[in-house]
Amino acid sequence: MNRIFVRLRQVVSRRPCFGTGLHSAFLFVLLFIPMLFGCTSCSVMPVYVAEGIETPGVTVGGVPTATPIVSATSTPKTTPQPTPTASPLPTLAPTPTLEPTPAPTPAPTPTPYDIPTFTANPNNNVVYLTFDDGPVGGTNRVLDILNSYGIKGTFFTVGQAIRHNPNIARRIVAEGHNLACHTNTHDFNKIYSSPEAFAADVTAWRQTVINVIGYDAGAYMIRFPGGSVNGTLSGRPDHGEYLSLMRTSGYRIYDWLLGNNDKWPGGNTDNLPFEDYLVQSYYKTLTAFGRTNYPLIFLMHDSVDESVDMLAWMIEDLLARGYVFGDLNALTQEYTFYG
Ligand SMILES: [Zn+2]
């Protein structure tokens, strides 16, 4: 036992030797070198172990300031974030609906006439269509229209026009229409110079028909140019002689009750386009006389193109109102403005 103590003392007594010579160098290497390296790369390095998360210490002003440890296992305290308010989606400007652009409504055209709504007098619904001053080019169109409706027209013809248009005059007769007298010259100064001059002109018309067509109309129907009462004859003392002379010669005199004023533009006091004026005149005359008991003799001129243009429309209008069309020659009784 004593020997053990002696040995122990020897060891202790040698302790100063560690501070000198190779022993000191050895100890330095043994103790400090590993510490140097270990401080930067091993477990010796002071770490702030925070349950698996290493956060290197941060030295601020020489005093290590512990970095707040964030526990990974703890429920992360989530800072209640403000519930993101859904930003309203940008409202898209409504796409303008392209609505069809309505067609501009044309301003209503003022009706230049009052359209009668009545229908024919059932006891007097026969209309007689008559055409003056031909034959002319328009007569062919009139014949086509009348034939398409099966209407028999009466053409008060002028001898001079027959000589100019003999084929049209022949067509009137050949197609069963009435070729009636409207004097030979239609010259007011001549025919109304005296009753005898008027009678001579009528005879010339009859001879013209015979010479050109080979057809003698005989003492037939006659219409005085301007009518049996007109500005040239009226008021004259011999006015009655014109009428009586024709009657004694066997002619039946026909004026008219209805008409479209196609030779009296002076009546266009509303300054309508001519076509509208003719329609206005037609409505006016129908309104005034369409339901009377007088013979419904209608006057227009085949020499006026606008009249021919409206003929088919007028026939349709009359038919729609309950009128029918008759043969003037079948009337047998003459008709003048005096009734
Ligand atoms: Zn005439």
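This section describes the overall organisation, the zinc site, the aromatic pairs and two individual residues of a predicted protein model.

The protein comprises 339 residues, of which 37% are buried. Its secondary structure consists of 10 helices and 12 strands. Among the contacts in the protein with a separation of 6 or more, 75% are made by residues 24 or more positions apart. The exposed surface of the protein amounts to about 20,200 Å², and 61% of this area is supplied by carbon and sulfur atoms. The predictor's confidence, expressed as pLDDT, has a mean of 79 over the protein, with 68% of the residues at 70 or more. Residues 1-78 have a pLDDT below 50, and beyond near neighbours in sequence this stretch has 32 contacts in the model.

The zinc ion has three protein donors, namely Asp133 through OD, His182 through NE2 and His186 through NE2. These donors lie 2.0 to 2.2 Å from the zinc ion. Along the chain, their arrangement follows the spacing D-x48-H-x3-H. The two histidines fall into separate accessibility classes: His182 has a relative accessible area of 2% and is therefore buried, being under 20%, whereas His186, with 24%, lies between the limits of 20% and 50% and so counts as partly exposed.

One of the residues in contact with the donor His182 is Thr157. Thr157 is situated in strand β6, which spans residues 154-157. Its relative accessibility is 1%, so Thr157 counts as buried. When residues up to four places away in sequence are left aside, Thr157 touches Gly134, Pro135, Ile162, Ile172, Leu179, Ala180, Cys181, His182, Thr183 and Trp205.

A pair of aromatic rings is described by the distance of the centres and the angle of the planes. The structure holds 15 aromatic pairs. One of them is formed by Tyr192 and Tyr242, with the centres 5.9 Å apart and an angle of 65° between the planes, an edge-to-face arrangement. This pair links distant parts of the chain, 50 residues apart: Tyr192 belongs to the loop between α6 (188-191) and α7 (195-213), while Tyr242 belongs to helix α8 (residues 239-248). Both Tyr192 and Tyr242 are buried. Another pair, between Tyr282 and Tyr283, is tilted, with a centre-to-centre distance of 5.4 Å and 40° between the planes. Tyr282 and Tyr283 are likewise buried. These two tyrosines also take part in a cluster in which ring pairs link Tyr113, Tyr282, Tyr283, Phe298 and Trp313. Apart from the ring pairs, Arg321 is positioned over the face of Phe118, at 5.8 Å from the ring centre.

Asn123 is located in the loop between β4 (63-65) and β5 (126-132). With a relative accessible area of 70%, Asn123 is over the 50% limit and is therefore exposed. Asn123 and Arg291 are 168 residues apart along the chain, and their C-alpha atoms are separated by 8.9 Å. The accessibility of Asn123, at 70%, stands opposite to that of Thr157, which is buried at 1%.

How values were computed
Residues are numbered from 1 along each chain as its sequence is written. This is a predicted model: local features need pLDDT of at least 70, side-chain atom pairs count only at pLDDT 80 or more; totals for chains, interfaces and linings use all residues. Side-chain values use heavy atoms; hydrogens and water are left out. Donors are N, O and S atoms within 2.8 Å of the metal (3.2 Å for Na, K and Ca); water is not among the atoms, so sites may look incomplete. Buried means under 20% relative accessible area, exposed over 50%, partly exposed in between (1.4 Å probe, protein chains only). Rings of Phe, Tyr and Trp (its six-membered ring) pair if their centres lie within 6.5 Å; planes under 30 degrees apart count as stacked, over 60 as edge-to-face and the rest as tilted. Helices (H or I, at least four residues) and strands (E, at least two) are DSSP runs, numbered from the N terminus. A charge sits over a ring if NZ of Lys or CZ of Arg is within 6 Å of the ring centre and within 35 degrees of the ring normal. Contact means heavy atoms within 4.5 Å. Accessible areas come from the Shrake-Rupley method with a 1.4 Å probe; for residues, only the protein chains shown count as cover. pLDDT is the predictor's confidence in each residue, from 0 to 100.
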